[in-house]
Amino acid sequence: MAEIALSGALALVDRLLRIYPYVTHDIEEVKNLMDTLKGFLKDTDGREDTEGWKDLLKNVRNLAYEAEDAIEEYMFQVPEHFHTHQARKIVHNIAHPVKNFIPGIQLSSSMRGLKAKIKGRINDLEKLRIGCSNLPSSSTAAEIPPEAYPYSSDEPLVGIERRGKELRRLILNNESRDVVISVLGGAGSGKTTLIHEVYQMVKVTFECHAWVPVSRSCERMLERIWEALELPIYQGRDRRRCLHTHLQQKRYILVLDGIWSEDEWKCIRNVLPFNNQGSRIIVSTRKRNIASYCATSHDFIYDLNLNPLTWEEASELFLKKAFPNGKCLISCEEWSEKIVKRCEGLPLAIVAIGKILSRKPQTIMEFKKVHDNLEFEPGSLEYIGKFLQSYYHLSPNLKSCFMYFCNFPEDYSVTRGRLIRLWIAEGFIEEKRGQTLEQVADEYLDELVQMSLVQVSRWDCEGRVRSCRVSNLARGFILSKSEKENFVTVITRPHTNLSQNHRRLSLHICTTNILKGKDFSHVRTFSMFGGDRSFELLVRGVFSNFRLLRVLDLENAVLLVFPQEVVTLNLLRYLSLRNTKIDSLPKSIKKLQNLIVLDLRQTFVLELPMGILEIPKLLYLLVDCRGRNNATVGVEVSQGIGCLKWLQKLSLIKANNKNGSIVEELGNLIELRKLGIIELKNKDSRDFCASIEKMENLSSLYVESANEFLDLNYVKKSPQMIENLSLGGRLHNIPEWILSLKGLFKLELKWSQLAKSPLEVLWGLPSLKVLHLHDAYSGEVLEFRAGWFLELRILVIEQCWWLKTVVIPGLAMPKLQKLTIENCNSLTMVHIAISTLTHLEKTNVPQHLLEFLD
């Protein structure tokens, strides 16, 4: 955690030097010293096992926070200004150096004091590094996680028969070729136990067999395979060649338990003969990308995350471990169920916690104590530390991103977009040349998912994360670690005692009385989940105390008006008022010069003030309002929107305001990745097409016409990065440029009422996975043909009022998973091939309309 704090402070120093280049000498010295300090921490990583060492790390973390406080206090008093008029710029350059003099003196004084303190900590670290140079670090130990969980034959076997059935099928499928099977599962999912039991069942059908825990050393791993095969004592010959020769003509089964990297697999892969003898290599891993890399094909990946213990199996396993006779005492039933629920079907967690309880008095008090430890102090249970060994493989930035999940309530699935925007605003995402911050953040999230530290709640049709969460045990681990290290303070009780130096506050209870009369000058992030009217009554007295706030997340808060005090928080980078009842923004919103995310979706704001145009750093402007029957309505923006040249996402806006059209100046927003626009008039079509041609990085486009024909045929050079396209309005035809979008995976046509079937031109789109036709066709017959839509997964046809017949023959849409045909009042028949219907996962078609084709 000290390294995380240092990384944050160093990023802030870099930002300060970019914005205020004249503040150099003392700041640069502090930066160099903090870099040295960070290097020392890396050299001594994992030796935090003494109280003296823990105190030293705490001091280092507090020094990093002290540096942040001094720098951001200066930035608060000397805010960055952006002047579009030359005269204002000249006046600013004359007046502000005088105004900034005293804050500059204070900053220099703080930096000089920090230099002395950091030098002292470096000396302390140097002494400790020398004193413990012979001790192994926990990070090194973390590199051999499989050996932390040796298989124990005395563990009760529950669910093995059911869960191992698919793995046995993959091993004994009579294929003559040699096959690599990957078993994927998070920490504690029971990979080792399951594979071991299946291995014992099937190994007799192979000529030779070996079970090998993976070692980080290639030579050590080869040595283990040699020993497991019971070969003669090694006499110095070429071990690789000897192993290859020994297995050359044999049908063997080899288990490699716990692979973490491609290099580990390559080490063994190059030794093993693949001669189509029907051999089987089974690898276990926590990382999804490694499972894919090792497996012969996707069909040979067995994902245990998708097949956890059932509730009955988990309960049975817990009872066997916690009670001598396997039967629960009536008095402990309630807390036993709560403990099993918190373990979320993870066998290793259930076994470990059951063992702990088996050694304790079987009373309600003891069971409740263990349950509460799992929620608030899981680190006190020896098992949990080992359970999250993956954590120690993460870089400081990734650790910050993972720890941030404790900001959200238990069992809360956060959307990918919200999570990534928060990470960016917090400063967790490092800049990489040629990539946006969002693209880098996507890589971070993917790595956490690959490491099985983050669970995906929903995927999109392209296989990307839609929403995610962490398990209860993982959340307990990071919550405990976070609060001890002052990373995030989560308030779940109405009488929580708050100190004066919290960095991030997350309020998970309705009452806000605990915020009264507190000093929050150190708080950088405030999030609230749930709430009542008391929050709005209190808000005026609270936000004046949050002077250095970076992130203010009030999504779903009970707010009727915009909190005026917010505009004084000039360091604010993230402001979300999504799903509140506010109906306007003040002109003074322009004071938030550092704002990069403004989320006003699902509010009652109908028009954005001119002040929005004076926030130069905005990356995300997410707006829409609730109309009648909670329908989504676009928001009016002022002319001049084109000056926000760094915008990456802008949705949902109206194409016209009271002064005229804005579509021509949208062409200045060349960095846009997402654009949502409604009420586009036919006379503006040419200008709109010219604008989107300039948006080379545009990946998502939503367009609606203003009760007129939607004419987008003026596009000559379409943005080739478009993946998600929604067109709402009458169409004469499908614009030809759409057919050139090789990466388009989702297409929605609404109210198009095309006279000619859209299928005849869309069928060849190579990446299309989702097709939604909403009142898109005015004909009577919609006929698919064999070989059409080869990648389509989801098809929705609705409110096509004149449609009478749909024909879906065999070999059309061979990968279709979900089919919906509804609210087509004239529909009389759906002809569909039996082969198509049987492989669908979900079908929503009136059964009486179905007629099967041969």
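Two strands are said to pair if DSSP finds at least two bridges between them, and the strands themselves are DSSP runs of E with at least two residues, just as helices are runs of H or I with at least four residues, both numbered from the N terminus. The structure above is a predicted model, in which local features need pLDDT of at least 70 and side-chain atom pairs count only at pLDDT 80 or more, while totals for chains, interfaces and linings use all residues. Residues are numbered from 1 along each chain as its sequence is written, and side-chain values use heavy atoms, with hydrogens and water left out.

A good place to begin is a sheet. Strands of a sheet pair through backbone hydrogen bonds, and they can do so either parallel or antiparallel. Here, five strands make up an open sheet whose order is 2-3-4-1-5, and their pairing is parallel. Strand 2 and strand 5, the latter covering 301–303, are the edge strands, since each of them pairs on one side only. From one strand to the next, the twist averages 15 degrees, where axes are lines fitted to C-alpha atoms (for helices over the stretch in contact) and angles run from 0 to 180 degrees between N-to-C directions.

Moving across this sheet from the edge, strand 2 is joined to strand 3 by six bridges in the parallel sense, and one pair to look for is Ala210 with its bridge partner Leu254 in strand 3. Strand 3 in turn runs parallel to strand 4, to which five bridges join it, and here Asp257 stands opposite Ser284 in strand 4. On the other side, strand 1 and strand 4 pair in the parallel sense over six bridges, with Ser182 having Val283 in strand 4 as its bridge partner.

How many of the six residues of strand 4 are buried? Strand 4, which spans residues 280–285, has six of its six residues buried, where buried means under 20% relative accessible area, exposed means over 50%, and partly exposed lies in between, as judged with a 1.4 Å probe on protein chains only. Both of its faces are covered, with Arg280, Ile282 and Ser284 buried on one side and Ile281, Val283 and Thr285 buried on the other. Leu184, found in strand 1 (residues 179–184), is also buried, with a relative accessibility of 1%. Although Leu184 and Ser284 are 100 residues apart in sequence, their C-alpha atoms are 6.0 Å apart in space.

Further along the chain there is an open sheet of three strands in the order 6-8-7, and the pairing in this sheet is antiparallel. Its edge strands, each pairing on one side only, are strand 6 (414–415) and strand 7 (455–459). Strand 7 pairs with strand 8 (residues 465–469) in the antiparallel sense over four bridges, and within this pairing Val456 has Cys468 in strand 8 as its bridge partner.

The next topic is enclosed space. On a 1 Å grid over the protein atoms alone, a cavity is a set of points where a 1.4 Å probe fits but cannot get out, and its lining residues have an atom within 4 Å of a point; grid points are joined across faces, edges and corners, and a volume is the space filled by probe spheres set on the points. By this rule there are two cavities of 30 Å³ or more. The largest has a volume of about 60 Å³, and its lining includes Phe405, Tyr412 and Arg475. That lining holds five nonpolar, one polar and four charged residues, where Ala, Val, Leu, Ile, Met, Phe, Trp, Tyr, Cys and Pro count as nonpolar, Asp, Glu, Lys and Arg as charged, and the others, Gly among them, as polar. The second largest cavity, with about 40 Å³ of space, has a lining of eight nonpolar, one polar and no charged residues. Among the residues that line this second cavity are Ala210 and Leu254, and the elements that give two or more residues to the lining are strand 2 (208–213) and strand 3 (252–257).

Finally, consider the cysteines. A disulfide is counted as a pair of cysteine sulfur atoms within 2.5 Å, and the count comes to zero disulfides. Cys824 is in no disulfide, and the nearest cysteine sulfur, that of Cys800, is 4.9 Å away. Cys824 is buried at a relative accessible area of 10%, and Cys401 is buried at 0%.

Notes
On a 1 Å grid over the protein atoms alone, a cavity is a set of points where a 1.4 Å probe fits but cannot get out, and a pocket is an open set with protein on both sides within 12 Å along at least five of seven lines; lining residues have an atom within 4 Å of a point.
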